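Me: I would like to go through this model step by step, with each answer reasoned from the coordinates. Please begin with the interior and then move outwards to the sheet, a helix and a pocket.

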Amino acid sequence: MEKQNLPVVVVGAGPVGLAAAAHLVERGIEPLVLEAGASAATAVRDWAHVRLFSPWAEVTDPAAEKLLAPTGWTRPDGTTYPTGGDWTGQYLQPLADALGDKVRYGATVTGVARAGRDRIVDSGREEQPFTVHIRTADGGEERITARAVIDASGTWSTPGPMGANGLPALGERTAADRISYRVPDLRDPAVRARHAGRRTAVVGSGASAFTALALLADLAKEEPGTHALWVLRRGIGEATYGGGEADQLPARGALGLRAKAAVEDGHASAVTGFRTEAVERDDERLVLVAEDGRRLEPVDEVIVLTGFRPDLSFLSELRLALDERLEAPTALAPLIDPNVHSCGTVYPHGVKELSHPEQGVYLVGMKSYGRAPTFLALTGYEQVRSVTAALAGDHEAAERVELTLPETGVCGGAGLFDEPGTAQGDEGGGCCAAPATLRIGTGAPAASGGC
């Protein structure tokens, strides 16, 4: 078959993957969305209990809305904030249903390559279509031929470990029965029982950690003896709790303030400059040990919320240009590098910043940010609008910027390796002095908002 007659394979039926499919349909290009789960937005369903910090107006895609309109769908009140469950039930699954057989469930992508060409071969490479290898729900294997591949598989399946060096701490794997890498759903009786009246260590400093602290503080008001131990690799400063009232995403700013209140009210205590090296057993409890030898008091549970990283294993036969630190596209990485800033400043970007030496393959959505922690759904929607325009040959639209993002109100250097107690003021990264940038937030789930 001619390459142009082949479908564009989209990996992942999450918010950005489904938006990519909607844009492809709008452009007259046949999409095929491959979703490993049994329904749309499998990852979002895992945090259905969490409320986004972006309102409905900022988490639906225009092309998707056009596709949904003939079904009788109406957008929820744009000023209200959905939970992950609301987002899935009222928008993402209906969108997948509207796409019909263009979405295939139970299809796990195990490899992507050029047809008849491994990574080494140059000859005739660009003329060849892509082959996408999948594993089906019943254990079978298939191969699909595609004209292009848009990888929107996200990073949810590969959370960061507790170890400060990026590897699991010694004993982390063997203590897995007491360690979670997700924001707890305290509505679940079994989950609630793991934390009620007990000591829980929360490792991490982003929106997900704020969420866990806020939820555990609420539990402490109902269940005496409940306490959170907040473990930070850096010190506490002006930017530790986010933008607060200066955040143009009010729900996200409020989330940081809730975490601050949890500490000030005594429901949580903070341990700073603690870079975990080992996890030890103390009967039924766990003891965290730092690189400097410090040992924390035993805890009953540990919640590790240290970010996410992309799974690049099934893309190993493709020629990707990825930053050596963030594992994000090299043209995008300098704009989102947390070593430089914590504002989440990023220039509007699209196909140009997302392209690779392997033409026709794009990493979009959370996956495009690699290990960087800053992302909004709006950013992903703009990415796929640009990418699909390029695939349709509309280069003017692909290069045009059609996005305005809210400011975070969070400034200063990221302080990824600062001394305990060092304040993080406005002088660290100076990113808020760059008037030509747009600031975006984090897509990690958050109790008072998360996308």
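**Core, sheet, helix and pocket**

Reply: In this predicted model, the largest nonpolar core holds 80 residues, and those touching the most other members are L18, W87, Y91, I150, V364 and L391. In soluble globular proteins, nonpolar side chains tend to be buried together.

Me: Which helix gives the most to this core?
Reply: The core in question is the largest nonpolar one, with 80 residues. Eight of its residues come from a single helix, spanning residues 207-222, and this is the greatest contribution to the core, made by α6.

Me: How many residues are in the other core that lies apart from it?
Reply: This other core is separate from the largest one and has V132, I134, A146 and V149 among its members. Its residue count is 19.

Me: What share of the residues in the protein chain is buried?
Reply: The protein chain has 451 residues, and its secondary structure comes to eleven helices and 17 strands. Of contacts between residues at least 6 apart in sequence, 71% join residues at least 24 apart. The buried share of the chain is 55%.

Me: Which strands stand at the edges of the open sheet of five strands?
Reply: The strands of this sheet follow the order β8-β14-β9-β10-β11, with parallel pairing. Each edge strand has a single partner, so one of its sides is left without a neighbour in the sheet. The strands in that position are β8 and β11.

Me: Which residue of β14 is the bridge partner of T200?
Reply: Strand β14 is joined to β8 (residues 179-180) by two bridges in a parallel arrangement, and there S180 has I303 as its bridge partner. With β9 (residues 199-203), β14 also pairs in the parallel sense, over four bridges. For T200, the partner in β14 is E301.

Me: Are the residues on the two faces of β14 buried or exposed?
Reply: In a regular strand the side chains alternate between the two faces of the sheet. In β14 (residues 301-304), E301 and I303 lie on one side while V302 and V304 lie on the other, and both faces are covered. These four residues are all buried.

Me: Which residue of β11 is the bridge partner of L229?
Reply: Strand β10 (residues 227-231) pairs with β11 in the parallel sense, and four bridges connect them. Within β11, the residue bridged to L229 is S269.

Me: What is the relative accessible area of T276?
Reply: T276 is found in strand β12 (residues 276-282). Setting aside residues up to four places away in sequence, T276 touches M162, G163, A164, A169, V231, V289 and A290. Buried means under 20% relative accessible area, and T276 meets this with 3%.

Me: How far apart are the end C-alpha atoms of helix α10?
Reply: Helix α10 covers residues 377-391, and 15 of its 15 residues are buried, so the helix is largely enclosed by the rest of the structure. Just after α10, G393 takes a positive phi of about 85°. At 1.5 Å a residue, the 15 residues should span 21 Å, which agrees with an end-to-end C-alpha distance of 21 Å.

Me: Which element gives the largest share of the lining of the second largest pocket?
Reply: This pocket, with a volume of about 860 Å³, is lined by 40 residues, of which A43, S153, G154, T155 and W156 lie nearest its centre. The elements giving two or more residues to the lining are α1 (15-26), β2 (31-35), α2 (42-46) and β4 (107-114). The largest share, four residues, comes from β4.

Terms used
Residues are numbered from 1 along each chain as its sequence is written. This is a predicted model: local features need pLDDT of at least 70, side-chain atom pairs count only at pLDDT 80 or more; totals for chains, interfaces and linings use all residues. Side-chain values use heavy atoms; hydrogens and water are left out. Buried means under 20% relative accessible area, exposed over 50%, partly exposed in between (1.4 Å probe, protein chains only). Two strands pair if DSSP finds at least two bridges between them. The expected span of a helix is 1.5 Å times one less than its number of residues. A nonpolar core is a set of buried Ala, Val, Leu, Ile, Met, Phe, Trp, Tyr and Cys residues joined through side-chain atoms within 4.5 Å. Contact means heavy atoms within 4.5 Å. On a 1 Å grid over the protein atoms alone, a cavity is a set of points where a 1.4 Å probe fits but cannot get out, and a pocket is an open set with protein on both sides within 12 Å along at least five of seven lines; lining residues have an atom within 4 Å of a point. Grid points are joined across faces, edges and corners, and a volume is the space filled by probe spheres set on the points.
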